[in-house]
Amino acid sequence: MRVTLFDYGAGNLHSLAKALATAPGAEVRIQEDPVRALDTDVLVLPGVGAFGASAARLEPGRQAMRDALERGLPCLGICLGMQLLFDTSDEGGGAGLGYFPGKVTRLAARRVPEIGWNTVEEDRTLAGTKLDTVYYAHSFVCRPTDASVVTGWTTHEGDRFPAAVRRGKVVGVQFHPEKSSTAGVRFVRAFLEEVAP
């Protein structure tokens, strides 16, 4: 199973690649070209960076990537990667993939960014794997126009936002599974096993 990390200049690729490689049969590669990144069995949008700069790196292949997701290419979007699955962001200009209708707004809290462990409420993202407590590092959150895509919620200082969203084989998570200890690695493996060709 070919697993491709699309590198839009984000950091933290090494620990994420390591977590992905724990899945049986996973061959992980990193690709900077958004179109060439689609020659894969599973696409991963990693989670460190700024929306505007990342959207600019995505732009040359944005429509091709959106079309591939609509045709059923499995994708895991992490933190910023999840936000790029939405339409736009208050953090910066440029367009996301628009796979999930909605926008990304600043976290409505006194302490921003939220950095640290928090619980996930009502998680139903993956069969057989329940999220409980996971690691966050973010200042912006996704606000979907259709709440039915939300498969888990988190609350920070009274602001309730999606911890996870899912439509078909595309999953977005606001937290960092690669920093969420054993539970996070188990989540990544369960996703890859579920969507494996």
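Q: How far from the centre of the ring of Y99 is the charged end of R167?
A: This is a predicted model, where local features need pLDDT of at least 70 and side-chain atom pairs count only at pLDDT 80 or more, while totals for chains, interfaces and linings use all residues. Residues are numbered from 1 along each chain as its sequence is written, and side-chain values use heavy atoms, leaving out hydrogens and water. The charged end of R167 sits over the ring of Y99 (NZ of Lys or CZ of Arg within 6 Å of the ring centre and within 35 degrees of the ring normal), and its distance from the centre is 3.7 Å.

Q: How many aromatic pairs does the structure hold?
A: Rings of Phe, Tyr and Trp (its six-membered ring) pair if their centres lie within 6.5 Å, and the planes count as stacked under 30 degrees apart, edge-to-face over 60 and tilted for the rest. By this rule, the number of aromatic pairs is 7.

Q: What is the angle between the planes of W117 and Y135, and which strands hold them?
A: These two rings are edge-to-face, with 5.7 Å between centres and 75° between planes. Strands (E, at least two residues) and helices (H or I, at least four) are DSSP runs numbered from the N terminus. The pair links distant parts of the chain, 18 residues apart, with W117 in β7 (residues 114–119) and Y135 in β8 (residues 133–138). So the answer is 75°, with strands β7 and β8.

Q: Is W117 buried, partly exposed or exposed?
A: Buried means under 20% relative accessible area and exposed over 50%, with partly exposed in between (1.4 Å probe, protein chains only). The relative accessibility of W117 is 48%, so W117 is partly exposed.

Q: How many residues apart in sequence are the parts that F175 and F187 tie together?
A: F175 and F187 pair edge-to-face, 5.8 Å from centre to centre and with 70° between the planes. F175 lies in the loop between β12 (170–173) and α5 (181–195), whereas F187 is in helix α5, so the parts tied together are apart by 12 residues.

Q: Which residues form one aromatic cluster?
A: F175 and F187 are both buried. They belong to one aromatic cluster, made up of Y136, F161, F175 and F187.

Q: Which element gives the largest share of the largest nonpolar core?
A: A nonpolar core is a set of buried Ala, Val, Leu, Ile, Met, Phe, Trp, Tyr and Cys residues joined through side-chain atoms within 4.5 Å. The largest one has 32 residues, and those touching the most other members include L20, V44, F187 and F191. Elements supplying at least two residues each include β1 (2–6), α1 (13–20) and β11 (159–167). The largest share, 6 residues, comes from α5.
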